[in-house]
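Visitor: I would like a close look at a single part of this model: the buried strand residues and the helix packing around them. Please continue from there to other sites, and give the cut-offs as you go.

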Amino acid sequence: MKRLWIALCLASVLGATGTTALADEIKIGYVNTFSGPGAILGKHYRDAFELAVEELGGKMAGLDVKVEYGDDQLKPEIAKTVVERMVERDDVDIVAGFNFSNVLLASLKTVTDANKLLISSNAGPSNLAGEQCQPNFFSVGQQNDGASEALGRYLKEQNVESVYALAPNYQAGRDMIAGLKRGFGKELVDEVYTQLSQTDFQPELSQIRAAKPAAVFVFMPGGNGINFVKQWAQAGLNSEIPLYSVYSVDHTTLQAIGPSAEGTLGVSQYVEDLPFEANQKFIKKFVDRYGYYPSEYAASAYDTAMLINSAVVATQGKLDDVDALRAAVQKADFESVRGPGFKLGKNHMPIQNYYLRETVKKEDGKLGFVTRGTVVENYVDHYGAQCTNIKG
């Protein structure tokens, strides 16, 4: 009897120790591209996420925040290995980050099989918005089709007669052109899918010149955007055909592109001059801290941290109650830098505004963006009706 009593006491102590350890910190695995040509994207994500955690005093609901960063190297197989280590060895509470859809898709099953939440700061593949939607997956950044569909609607409203479209041949590229076609509502002159690692676009530029469209749409993220827009201007096409883009000319590429970007138009869910108080505070703190303007990627990384904080606070730090944590994330009870209208749809994709922005030279002589109008308010993606895996 005495031995049983001792054993029960020991079990109680060990259990209490385990509970205390869990209650002391929240571990977040943040995965993005921190090396290679896409490293500038990772820098924006990491700088913004760290700024948010710092503003929170390094705590969420009294728990110390421990962030483990993982470099996906823009390779799906590497990302999968990184996420497996985070989930299986390090037992992180939440996995977040991800810029590229192919990298995200390679990593998702590892997270959901462990019944943990994956909160994407950017990627929102169409399949995960529709039939393959997942209760434990959320996208804070955008559903891939959103900005391009909004741009398509704008081009239609402007009575643009013909559009030639280019994007890399992977999930997000295909989603972007699908959104453009849905919004534009007319057949494209052509839709061309390039290699994700492509650097020379001379053949495509020659085809565009021969086709003589009224406008050209591109989705060329990271280094692709730098090379494309520079070559576009060098070919003299910038004086012949209007160029519209999404996630191509932004603060991760703008300075590298240089004057060739001036005057280009694009659509995004975020512009640095948005008048919302949360955004103005974010801009000041970010520029003061890092010395450069945040991109839409930085804005969504900052929002990702604040969304996670809102859920942890709502559940009083009870991280083992995944159902409660999931429900709290779904409520999105935080002040987004994108404005008060931000929320998450049933399929866990953002409902948000999309803005037309122009690349301009600002008073300090540097290139930046100004909002030229709201293209779509409270955009709801096309795929939500197909999402039957999420109840509520």
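Guide: What follows starts with two strand residues, goes on to two helix pairs, and ends with a disulfide and a loop residue.

The model is predicted, so local features need pLDDT of at least 70 and side-chain atom pairs count only at pLDDT 80 or more, while totals for chains, interfaces and linings use all residues. Residues are numbered from 1 along each chain as its sequence is written, and side-chain values use heavy atoms, with hydrogens and water left out.

Helices (H or I, at least four residues) and strands (E, at least two) are DSSP runs, numbered from the N terminus. Asparagine 32 lies in strand E1 (residues 25–32). Its relative accessible area is 0%, so asparagine 32 is buried; buried means under 20% relative accessible area, exposed over 50%, and partly exposed in between, with a 1.4 Å probe and protein chains only. Contact means heavy atoms within 4.5 Å. Not counting residues up to four places away in sequence, asparagine 32 touches Gly42, Tyr45, Gly70, Asp71, Asp72, Gly97, Phe98 and Asn99.

Glycine 70, one of those partners, belongs to strand E3 (residues 63–71). With 2% relative accessibility, glycine 70 is also counted as buried. Outside its neighbours within four places in sequence, glycine 70 meets Tyr30, Val31, Asn32, Phe34, Val82 and Met86. Serine 336 is 266 residues apart from glycine 70 along the chain, and their C-alpha atoms are separated by 25 Å.

Two packed helices are described by the angle between their axes and the distance between the axes. The axes are lines fitted to C-alpha atoms, for helices over the stretch in contact, and angles run from 0 to 180 degrees between N-to-C directions. Helix H3 (residues 76–89) and helix H4 (residues 101–113) cross at roughly 30 degrees, their axes coming within 8 Å. H3 is therefore roughly parallel to H4; angles under 35 degrees count as roughly parallel, over 145 as roughly antiparallel, 65 to 115 as roughly perpendicular and the rest as oblique. On the H3 side the contact is made by Pro76, Ala79, Lys80, Val83, Glu84, Val87 and Glu88, and on the H4 side by Asn102, Val103, Ala106, Ser107, Thr110 and Val111.

Helix H2 (residues 39–55) packs on helix H11 (residues 277–290) at an angle of about 110 degrees, with the axes 11 Å apart. H2 and H11 are therefore roughly perpendicular. From H2, Asp47, Ala48, Glu50, Leu51, Glu54 and Glu55 meet Phe282, Lys285, Phe286, Arg289 and Tyr290 of H11.

The structure holds 1 disulfide, a disulfide being a pair of cysteine sulfur atoms within 2.5 Å. Cysteine 133 and cysteine 387 form it, at an S to S distance of 2.1 Å. The pair links distant parts of the chain, 254 residues apart: cysteine 133 is in the loop between helix H5 (126–129) and strand E6 (137–139), and cysteine 387 is in the segment after strand E14 (367–379). Cysteine 133 counts as buried at 0% relative accessibility, and cysteine 387 counts as buried at 1%.

Serine 248 sits in the loop between strand E10 (243–245) and helix H10 (254–257). Serine 248 counts as buried at 1% relative accessibility. Leaving aside neighbours within four places in sequence, the contacts of serine 248 are Val218, Phe219, Met220, Pro221, Gly225, Thr253 and Ile257.
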